[in-house]
Amino acid sequence: MMGPMAREETRTMTPPTVRSPAAHDAGKPGGAFTRAWTTRLLVLGIVLSALNLRPAITSLGALLEEVRDGLGMSGSVAGLLTSVPPLCFAVFGVMAPRLARRFGAGTVVCAGMAAIATGLLVRPYAGGTAGFLAGSALALMGIAVSNVLMPVIVKHWFPDRVGSMTGLYSMALALGTALAAAVTVPLTATLGGSWQTGLALWSGLAVAAVLPWLPFARGRVTPPGAGEKTAEAATRTQGSAPASTEHARVAAPRLRMFRSRTAWALAVFFGLQATAAYITMGWMAQIFRDAGVPAGTAGLLLAVTMVMGVPLAFVIPRLATRLPHQGPIVLALGVCGLAGYAGLYLAPAAGAWAWAVLLGVANCAFPLALTMVGMRARTGPGVAQLSAFAQSTGYLISIPGPLLVGVLYQHSGGWGVPIALMSALMIPQMVVGFLAGRDRTVEDEAAR
């Protein structure tokens, strides 16, 4: 039942082989050192990038009331603001594979981290709602391309460790998400109480994430596995000079993702889990604050929800790669989400910590979705196309959710109707997630 995937744990015990040109000849002095250094640098880049994929959103969620007051936003406009992340992810995420083919994945991720740093630094001081949205869009553009390319990087450079590496960067992503939710409010108070300072400080983390990618972006370091593929390509072309490894790629046909039921199921699952996640990140702290929970405690509750993804984001992908069908995991996460929403509706303040934990478990549908992206395609190019299709389509699906919650909150005068909407959306999420978890590949379906 476990098949080849069950042997991943054994393979993870073997240090990854780095086949860079500088170390391709194992007999050369310093080759082993170069291989180890390249692998560690790449892993560091992946981890630091993952840490930056959500603070732009959760730091805003923790200070949303202050930002609304400072910029004069209504509830509907704030709902629009919480819908900007999925909109940017849908629009810019679809560009990521094309950009990676032209400039190289390392270059695109490096530029993405620079865009995050610039956007986070500029948006609090841009002046007015329009400037704030523009700065947010720049940061989210960087997040979008990195979102799409992370599964591609893992599949291409760590093909035997998809579950482990997906778990590692998912864990780092969850840690960055939780960290921003937990410390933004107290750091803002420590630094003088200005929400502009509290939001801008996260640009420093993005600057740190740029550094490990610079050697890859400049072509001075060859990622693991790329050297061998380049050599093989040179052999097939009878000695022609190998291309730059950042641009080297295996020719693959364009898949018709719209013909694949699995691709559509995965895209809808991705969209619905993203809807729940961005509603949670954008509005959960406000739900608790409206229930009488102090602002600092509300931020901590949001952090608890996010931090649940740290251990589970490492465990769930590894478990998923050992199962022939990931549907049972989807159902278990959905049940936790329904229980958490029921608690928010019935006793938001009394059981706040329990609801935060349950919703944190439910939010681990995100690393599960990323893992299934890597499992539902056989090749690196297939994963790139599936990742772009599932994430771009999924984020388009998720755009109305946070905005609708803001409108319902403003016009209903409470959280009962918005929470009912969140609960209702969990049912189709469980259904399509169960379908996406079947042991199939998009190459087979898209070729029919």
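## Exercises on a predicted model

In this predicted model, the side chains of E66 and R289 form a salt bridge, with the closest N and O atoms 3.4 Å apart. Let's start from that pair and work outwards.

**Exercise 1.** Find out which parts of the chain E66 and R289 link.

*Solution.* Begin by placing each residue: E66 sits in helix α4, and R289 in helix α14. Next, look at the spacing in sequence, which is 223 residues. The pair therefore links distant parts of the chain.

**Exercise 2.** Work out which residues join E66 in a salt-bridge network.

*Solution.* Step one: look for another partner of R289. Its side chain also meets that of E65 in a salt bridge, at 3.5 Å from N to O. Step two: locate this pair. E65 lies in helix α4 (residues 64-71) and R289 in helix α14, so the salt bridge ties together parts 224 residues apart in sequence. Step three: put the bridges together. Because they share partners, E65, E66 and R289 form one network.

**Exercise 3.** Decide whether R289, E65 and E66 are buried, partly exposed or exposed.

*Solution.* You need two cut-offs here: buried is under 20% relative accessible area, and exposed is over 50%. R289 has 17%, so R289 counts as buried. E65 has 29% and is therefore partly exposed. E66 also has a relative accessibility of 29%, so E66 counts as partly exposed.

**Exercise 4.** Describe the salt bridge between D444 and R378.

*Solution.* Start with the distance: the closest N and O atoms are 3.0 Å apart. Then place the partners. D444 is in helix α23 (residues 442-446), while R378 is in the loop between α19 (365-375) and α20 (380-398). They are 66 residues apart. D444 has a relative accessible area of 40%, so D444 is partly exposed. The model's salt bridges come to three.

**Exercise 5.** Check the span of helix α7 (residues 105-122).

*Solution.* First, count its residues: there are 18. At 1.5 Å a residue, the helix should therefore span 26 Å. Now compare: its end C-alpha atoms are 26 Å apart, which agrees. Buried residues of α7 include G106, V109, M113 and I116.

**Exercise 6.** Explore the largest nonpolar core and find which residues touch the most other members.

*Solution.* This core has 124 residues, and I46 and W213 touch the most other members. Helix α14 (residues 261-290) supplies the largest share, 18 residues. Finally, leaving out residues up to four places away in sequence, I46 touches M150, I153, F158, M165, Y169 and W213.

Conventions. Residues are numbered from 1 along each chain as its sequence is written. This is a predicted model: local features need pLDDT of at least 70, side-chain atom pairs count only at pLDDT 80 or more; totals for chains, interfaces and linings use all residues. Side-chain values use heavy atoms; hydrogens and water are left out. A nonpolar core is a set of buried Ala, Val, Leu, Ile, Met, Phe, Trp, Tyr and Cys residues joined through side-chain atoms within 4.5 Å. Buried means under 20% relative accessible area, exposed over 50%, partly exposed in between (1.4 Å probe, protein chains only). Helices (H or I, at least four residues) and strands (E, at least two) are DSSP runs, numbered from the N terminus. Contact means heavy atoms within 4.5 Å. The expected span of a helix is 1.5 Å times one less than its number of residues. A salt bridge is a side-chain nitrogen of Lys or Arg within 4 Å of a carboxyl oxygen of Asp or Glu.
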